[in-house]
Amino acid sequence: AEYMGNPNVNIIFFVITSQAEEITSVVEKREAQLIAEKTKVEARKKEIEKDAAVIKTENQTLQAELKTLMQTVNVEKKNLLSRLEEDLKREQQENKQKLDEATKQFEEEKARLKEENDKLREALKALQGEESAPQ
């Protein structure tokens, strides 16, 4: 396409056209690179979102397991405390019974010894009375 037959115009037009084609080619290549990078980024974003969903699910599962374990621990703790309290009450009752029995035996032995002591005193008095009596 000649422009009014002027060769300089034709050369300038050719140079501009060549540069425009070159620029267009560079822009198209860069655009293709950006599209490829965008595709990679979107794919990675989907992977990250998928991983995040898995982690969130695992977190919820772990929280539920922890809650269950804490409830179990609390129940076990209450049961253990109840058993300990029952054991303590039973031991206190047994100790009280043993103490009562020992006190009863002590009082019986004390009464027996007092009775025996009283008999020995009377016997001693009787013996002393016989010694002082004229023969």
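Reader: What relative accessible area does the partly exposed residue Asp-87 have?
Author: This is a predicted model, in which local features need pLDDT of at least 70, side-chain atom pairs count only at pLDDT 80 or more, and totals for chains, interfaces and linings use all residues. Residues are numbered from 1 along each chain as its sequence is written, while side-chain values use heavy atoms and leave out hydrogens and water. Buried means under 20% relative accessible area, exposed means over 50%, and partly exposed lies in between, with a 1.4 Å probe and protein chains only. Asp-87 is called partly exposed because its relative accessible area is 30%.

Reader: With which residue does Asp-87 form a salt bridge whose closest N and O atoms are 3.0 Å apart?
Author: Side chains of opposite charge can pair when their charged atoms come close. A salt bridge is a side-chain nitrogen of Lys or Arg within 4 Å of a carboxyl oxygen of Asp or Glu. At 3.0 Å between the closest N and O atoms, the partner of Asp-87 is Arg-90.

Reader: Why are Arg-90 and Asp-87 separated by about one helical turn?
Author: Helices (H or I, at least four residues) and strands (E, at least two) are DSSP runs, numbered from the N terminus. Arg-90 itself is partly exposed, at 44% relative accessibility. The two residues are separated by about one turn because their spacing in helix 1 is three residues.

Reader: Which residue forms a salt bridge with Lys-114?
Author: Lys-114 is exposed, with a relative accessible area of 53%, whereas its partner is partly exposed at 28%. Both lie in helix 1, four residues apart, about one turn of the helix. With the closest N and O atoms 3.4 Å apart, the partner is Asp-118.

Reader: How far apart are the closest N and O atoms in the salt bridge of Glu-115 with Lys-119?
Author: These residues are four apart in helix 1, and therefore about one helical turn separates them. Glu-115 is partly exposed at 47%, and Lys-119 is exposed at 55%. The closest N and O atoms of this salt bridge lie at a distance of 3.9 Å.

Reader: How many helices does the chain have?
Author: Helix 1 spans residues 7-132. The chain has zero strands, and its number of helices is one.

Reader: What radius of gyration does the chain have?
Author: This radius is taken over C-alpha atoms, and the globule rule is 2.2 Å times the number of residues to the power 0.38. A compact globule of 135 residues would come near 14 Å. The C-alpha atoms here fill a box of roughly 190 × 25 × 10 Å along the principal axes. The radius of gyration of the chain is 56 Å.

Reader: How far apart in space are the C-alpha atoms of Glu-91 and Ile-55?
Author: Glu-91 lies in helix 1 and is partly exposed, with a relative accessible area of 44%. In sequence, Glu-91 and Ile-55 are 36 residues apart. From C-alpha to C-alpha, their distance in space is 52 Å.

Reader: What percentage of the residues of the chain count as buried?
Author: One residue that is exposed is Ile-11, at 51% relative accessible area, and Ile-11 lies in helix 1. Of the 135 residues of the chain, the share that counts as buried is 1%.
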